[in-house]
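Hello,

Here is the structure I promised to pass on to you. Have a look at it first, and then read on for what turned up in it.

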Amino acid sequence: MQRIGDAPRVRRLLVFLAVALSGLFLLLPLVAIFAQAFAQGVGVFWSNVSNEYTVAAIGLTLFIALLTIPVCLVFGVALAWLVTRFRFPGRRILQTLIDIPFAVSPVVAGLIYLLLYGRTGWLGSWLDGYDIQLMFAWPGILMVTIFVTCPFVARELIPLMQAQGSREEEAAVTLGAPGWTVFRRVTLPNIRWALLYGVILTNARAVGEFGAVSVVSGAIRGQTNTLPLHLEQLYQDYNTVGAFASASLLAFIALLTLVAKASLEWRAARREVHA
Amino acid sequence: MITLATRAGSTPKRVLPGFGLSLGISLMFISLVLLLPLTGLFGQLAGLSLAEYWAIVTEGRVVASYMVTIGAAAVAALVNGAFGLLLAWVLVRYEFPGKRLLDALMDLPFALPTAVAGITLATLYSSNGWMGRLLEPLGFQVAYTWVGIALAMAFTSIPFVVRTVQPVLEDLPHEVDEAALTLGASDGTAFRRVILPHLWPALVTGTGLAFVRSLGEFGAIIFIAGNMPYETEITALMIFVKLQEYDYVGASAIASVVLFVSLALLLVINIWQGRFIKRLHGGAG
């Protein structure tokens, strides 16, 4: 059977164009990151990565991601359960509201937190009275990271849970299973891969957030510098190889994210074939 | 009289537990994390008179930054519309070695931190970078011009177009192709007259999302932009500069413009998308 664009000449031309342009536009930057990071050899790369400030930045970045993930997980599951298992007025508004972080520029996201919790903000000045300072410290970084990453888990779960429907859970409840058992034994096995992918996306964005974090961090070396802020400072100081050493660590996490996504999709496709 | 109106599954009768708990968690989270911080912005702006507000958001350097941002984002979105359509088409319609790799590569811009993309593109396209060395003798200056800004925007937003068009193209039945070709249309005409109308809503949605993302992008752009006032300064950087000068009022006023425009665009895209596409497949958003 013939389809549009099946002529060998058209096919070859289009595939060539797509591969060549993607190679130039997407693959070349990826290669360049590692080429720059190792430009002066493995020894220099290692000394850049094991540098005291880099290690501190890695630690803070992982710490923030580790705290962000469970918060986003609880919110994502609760919201997905709410909007896919119940019908109530305002359901659609809730679904629109969680898209706000995607539309808001990261700098604006950082700014609104700074205005509220900074010394001049109404909440910040009140907290200041108790000597609690959230901005220009790790709690501020954590708060804006949660803001920019909170839609990912919910966004992965909602379409899936909508498609699956609630028949199985209703059956379990009718048979007398308590709520948590239903969730753990019926819902969780059905959504675990989407949940995992949501977590992977949340993690990728949490370790890489730059705009929002740079507004609220204060970027104190060894204290409030996350990895993206650290590499910015190195780059501005003309330490290109050092900047790319840190960048390559983040690029490595990005590569793991892509591999995880590809293998989860492959698994889903294989299950569809078997079903 | 009793009417049996409930079709199976259409109106769950709340047999399932957890309504109160999930509603409580969701509402608390949305109020505290998403809505409460917005009050800080409005609080800051409440002290301004309308004339003062207008003066800040229409100041020459700020207006120039809108122009740079919108112009570059429009170019990036249009280029991505064409490039994204090509990529989606090739990924759905053809089999070739390395297809799975190409497919996986499409998500790179979402997975790669923006600051990493920023310093990489700046290094590649600066005058002694791999690309800059080739392009500059030909008279193309990319780094530190608006072309560089558009390039960085296009890089960070290409997945929006690919991942929006791809599922729609996958769901297009074979009969559509056959009907057009049986009637004797050439490939080009058949694509334009038969395929494109089916893809149009998804293509507009994807391009629109790419545009909104480009308007707010910061990390990927500032390294390659050069950040010359009036020429290569984007609005997001304008806000950042005001903040570093401790001009919170100025930063808030400009931020409110950006916020309003991007929320309005998102709303328009959501309505448009709701009319044409039942469900967009996941992806990093």
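B:Tyr144 is a good place to begin: in this predicted model, B:Tyr144 is buried, because 20 other C-beta atoms lie within 10 Å and 20 or more is what being buried takes. You will find B:Tyr144 in the loop between helix 7 (130-135) and helix 8 (146-170) of chain B. The backbone deserves a look there as well, since B:Tyr144 is not a glycine and still has a positive phi of about 65°.

Chain A offers a case to set beside that one. A:Asp131 is a residue other than glycine too, and its phi is positive, near 65°. A:Asp131 is also found in a loop, the one between helix 7 (122-129) and helix 8 (138-149) of chain A. Is A:Asp131 buried or exposed? A:Asp131 counts as exposed, because it has 6 C-beta neighbours inside 10 Å and the limit for exposed is 12 or fewer.

Now for chain A as a whole. Chain A has 14 helices and zero strands, so if you follow the elements from the N terminus on, you read α-α-α-α-α-α-α-α-α-α-α-α-α-α. The C-alpha trace of chain A spans about 70 × 60 × 30 Å along its principal axes. Chain A has 275 residues, and 46% of them count as buried. Among the contacts in chain A with a separation of 6 or more, 75% come from residues 24 or more positions apart.

For a residue in between, try A:Val31, which sits in helix 1 (residues 8-37) of chain A. A:Val31 is partly exposed, because 13 other C-beta atoms lie within 10 Å, a count that falls between the limits of 12 and 20. If you want a feel for distances, take A:Val31 and A:Thr187: they are 156 residues apart in sequence, and their C-alpha atoms are 41 Å apart in space.

One helix pair in chain A is worth turning the model for. Helix 9 (residues 151-164) and helix 11 (residues 179-208) of chain A pack at an angle of about 160°, and their axes are 7 Å apart. Angles over 145 degrees count as roughly antiparallel, and therefore helix 9 and helix 11 of chain A are roughly antiparallel to each other. The crossing of helix 9 of chain A past helix 11 of chain A is right-handed. On the helix 9 side of chain A, the residues that meet helix 11 include A:Phe152, A:Leu157 and A:Met161; on the helix 11 side, they include A:Ile191, A:Tyr197 and A:Arg205. By type, the residues of this contact between helix 9 and helix 11 of chain A are 11 nonpolar, four polar and two charged.

Finally, the two chains together. The contact takes 88 residues from chain A and 85 residues from chain B. Which helix gives the most to the side of chain B that touches chain A? That is helix 1 (residues 19-46) of chain B, with 17 residues. The chain B side of the contact with chain A divides into 57 nonpolar, 20 polar and eight charged residues.

The largest nonpolar core has 154 residues, and A:Leu111 and B:Ile239 touch the most other members. Beyond its neighbours within four places in sequence, B:Ile239 is in contact with A:Val107, A:Val108 and A:Leu111 from chain A, and with B:Ala251, B:Ile254 and B:Ala255 from chain B.

Enjoy exploring, and best wishes!

Technical notes: Residues are numbered from 1 along each chain as its sequence is written. Chains are lettered from A and ligands numbered from 1 in the order in which they are written. This is a predicted model: local features need pLDDT of at least 70, side-chain atom pairs count only at pLDDT 80 or more; totals for chains, interfaces and linings use all residues. Helices (H or I, at least four residues) and strands (E, at least two) are DSSP runs, numbered from the N terminus. Axes are lines fitted to C-alpha atoms, for helices over the stretch in contact, and angles run from 0 to 180 degrees between N-to-C directions. Angles under 35 degrees count as roughly parallel, over 145 as roughly antiparallel, 65 to 115 as roughly perpendicular and the rest as oblique. A crossing is left-handed if the near helix is turned anticlockwise from the far one by less than a right angle, and right-handed if clockwise. Two residues are in contact if their C-beta atoms, placed from the backbone, lie within 7 Å. Ala, Val, Leu, Ile, Met, Phe, Trp, Tyr, Cys and Pro count as nonpolar, Asp, Glu, Lys and Arg as charged, and the others, Gly among them, as polar. A nonpolar core is a set of buried Ala, Val, Leu, Ile, Met, Phe, Trp, Tyr and Cys residues joined through C-beta atoms within 7 Å.
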